[in-house]
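Visitor: I would like a close look at one part, the cluster of aromatic rings. Please start there and then work outward to whatever surrounds it or stands apart from it.

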Amino acid sequence: MRIFSGIQPTGAKHLGNFSGGFRQYAATQEQGDAFFCIVDLHSVTVPHDPEDLRARTLDLAALMFATGLDAERSTVFVQSHVTAHAESAWLLGCVATIGELRRMTQFKDKAGKRESVSVGLFTYPVLMAGDILLYQTDIVPIGDDQRQHLELSRDIAERFNSRFGETFTVPRGVYPEAGARIMDLQQPGNKMSTTGGNPQGTIYLLDPPEAVRKKVKTAVTDSGREIIHDPNEKAGISNLIEIMTVATGESIAEVEKRFESSGYGQFKSDVSDAVVALLEPIQARFREIRDDPAELERMLAIGAAKAREASAPTLEKMYERMGFTRPKGV
Ligand code: TYM
């Protein structure tokens, strides 16, 4: 089984990324041949600071290993180190349509907030489709916010296959049962997010314990007293229940049962304890790994070599099927 997922290096990583991303990466790497990609080409679709991008790329690699990726088992690499990604984006951009890209809600949200919108922000989902399809991916562990992009990748794969002959495996998205969409603690109607969120409502993976406690304590909750999961009527409490499941591995029902006779205050205090207990060891490992940038760069170079080798046959097939001549014998 082939597993592929990607995560952007810019922006501080938060508990939503942990739930839909990191923890699923560590779990799915056990199921087969896994590729995890630091998608730096995606990070330049909005204005960015080059120095920040450079620094955060290595930091993200450290965080991926700190949250459980095993360099022996998984291939961890940087997207721009493998040129097949940019090449496949061009080829697939001639298969995807403007109509389907216009329907992407993430594009509409992000573009709506800016005066000037890059072409890259519009074609971003095509780059993502190439990431996935180049590896003949069976499953893509992601959060719910990437569902529409994944569906588009499937459509593009099917269209390419029917137009040019069987080339791609059609991938399937894998979403966490609870915690597929962690919400902002201050605005439980919006997802927890690096770009659109409220920093007071966002638990960053590198937040010190005191910051976590303060954010959970001041989280918006609902009137009423019961700790039950009902996202429509009790968005704030339901979100905290899901956060508890992410931190402890319990099910929603188990959390509800455990807090059957507790009040909101006690529940919030236990949620913050659980999140702090989750994050502390991750932060300690992160600091250790980040302190050896040469070793990180070495691991990423090995990852890039493996990813190049794994993606090359599919890229070659794409060129051939689409009718390109290939350089021979030099
Ligand atoms: P990115 O970098 O925004 O997010 C990384 C992962 O975190 C998940 N996530 C969440 N999960 C639950 N609740 C939330 N509030 C939350 N916020 C983020 C995301 O779903 C994602 O799994 N376009 C992608 C990166 C990408 C990619 C790929 C992913 C590029 N190519 C190929 C999979 C396959 C993105 O920007 O994710």
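Guide: The cluster consists of Phe 4, Phe 35, Phe 77 and Tyr 135, which are linked to one another through ring pairs. The model is a predicted one, and the distances and angles that follow are computed from its atoms. Across the structure the count of aromatic pairs comes to 11. Within the cluster, Phe 4 pairs with Phe 77 in an edge-to-face arrangement, with 6.5 Å from centre to centre and 65° between the planes. Phe 4 belongs to strand β1, while Phe 77 belongs to strand β3, which covers residues 75-78; the pair therefore ties together parts that lie 73 residues apart in sequence.

Is this pair buried or exposed? Phe 4 has a relative accessible area of 1% and is therefore buried, since the cut-off for that label is under 20%. Phe 77, at 0%, counts as buried too. For comparison, take a pair formed by Phe 259 and Phe 267: the ring centres are 4.8 Å apart and the planes stand at 65°, so this pair is edge-to-face. The angle is what gives the label here, because planes over 60 degrees apart count as edge-to-face. Phe 259 is buried at 2% relative accessible area, and Phe 267 is buried at 0%.

The cluster leads on to the ligand through strand β1. Phe 4 is in β1, and β1 (2-7) supplies at least two residues of the shell around the ligand. Helices α1 (15-28) and α7 (119-133) each do so as well. The shell comprises 26 residues, and those that come nearest to the ligand are Tyr 124, Asp 131, Gly 143, Asp 145 and Ile 182. Sorted by class, the shell has 12 nonpolar residues, 11 polar ones and three charged ones.

Three polar approaches to the ligand can be given with their distances. In the side chain of Gln 8, an N or O atom is 2.9 Å from an oxygen atom of the ligand. Asn 17 places a polar side-chain atom 3.1 Å from a ligand oxygen. Met 192 takes part through its backbone: one of its polar backbone atoms is 3.0 Å from a nitrogen atom of the ligand. On its own the ligand has 720 Å² of accessible area, and the protein covers 96% of that.

Asp 131, one of the residues that come nearest to the ligand, is located in helix α7. Asp 131 is buried, because its relative accessibility is 3%. Its C-alpha atom is 8.9 Å from that of Ala 86, although the two residues are 45 apart in sequence.

After α7 comes a loop that runs to β4 (139-141), and Gln 136 is found in it. Gln 136 is not a glycine, yet its phi is positive, at about 50°. Most residues other than glycine have a negative phi.

Elsewhere, helix α8 (residues 147-164) contains Glu 158. At 41% relative accessibility, Glu 158 falls in the partly exposed class. Between Glu 158 and Phe 168 there are 7.9 Å from C-alpha to C-alpha, with a sequence separation of 10 residues.

The loop between β5 (172-174) and α9 (209-217) holds Thr 202, and Thr 195 lies in the loop between β5 and α9 as well. How do the two compare in accessibility, buried or exposed? Thr 202 counts as buried at 0%, whereas Thr 195 counts as exposed at 62%, because the label exposed requires over 50%. A polar side-chain atom of Thr 202 is 2.8 Å from the backbone oxygen of Asn 198. Thr 195 and Ile 38 are 157 residues apart along the chain, and their C-alpha atoms are separated by 17 Å.

The cysteines remain. The structure has zero disulfides. Cys 37 is buried, with 0% relative accessible area, while Cys 94 is partly exposed, with 47%.

Key
Residues are numbered from 1 along each chain as its sequence is written. This is a predicted model: local features need pLDDT of at least 70, side-chain atom pairs count only at pLDDT 80 or more; totals for chains, interfaces and linings use all residues. Side-chain values use heavy atoms; hydrogens and water are left out. A residue is near a molecule or strand if one of its heavy atoms lies within 4 Å of it. A polar contact is a pair of N or O atoms within 3.5 Å; within protein, one must be able to donate a hydrogen and the other to accept it, and residues adjacent in sequence count only if both atoms are side-chain atoms. Accessible areas come from the Shrake-Rupley method with a 1.4 Å probe; for residues, only the protein chains shown count as cover. Helices (H or I, at least four residues) and strands (E, at least two) are DSSP runs, numbered from the N terminus. Ala, Val, Leu, Ile, Met, Phe, Trp, Tyr, Cys and Pro count as nonpolar, Asp, Glu, Lys and Arg as charged, and the others, Gly among them, as polar. A disulfide is a pair of cysteine sulfur atoms within 2.5 Å. Buried means under 20% relative accessible area, exposed over 50%, partly exposed in between (1.4 Å probe, protein chains only). Rings of Phe, Tyr and Trp (its six-membered ring) pair if their centres lie within 6.5 Å; planes under 30 degrees apart count as stacked, over 60 as edge-to-face and the rest as tilted.
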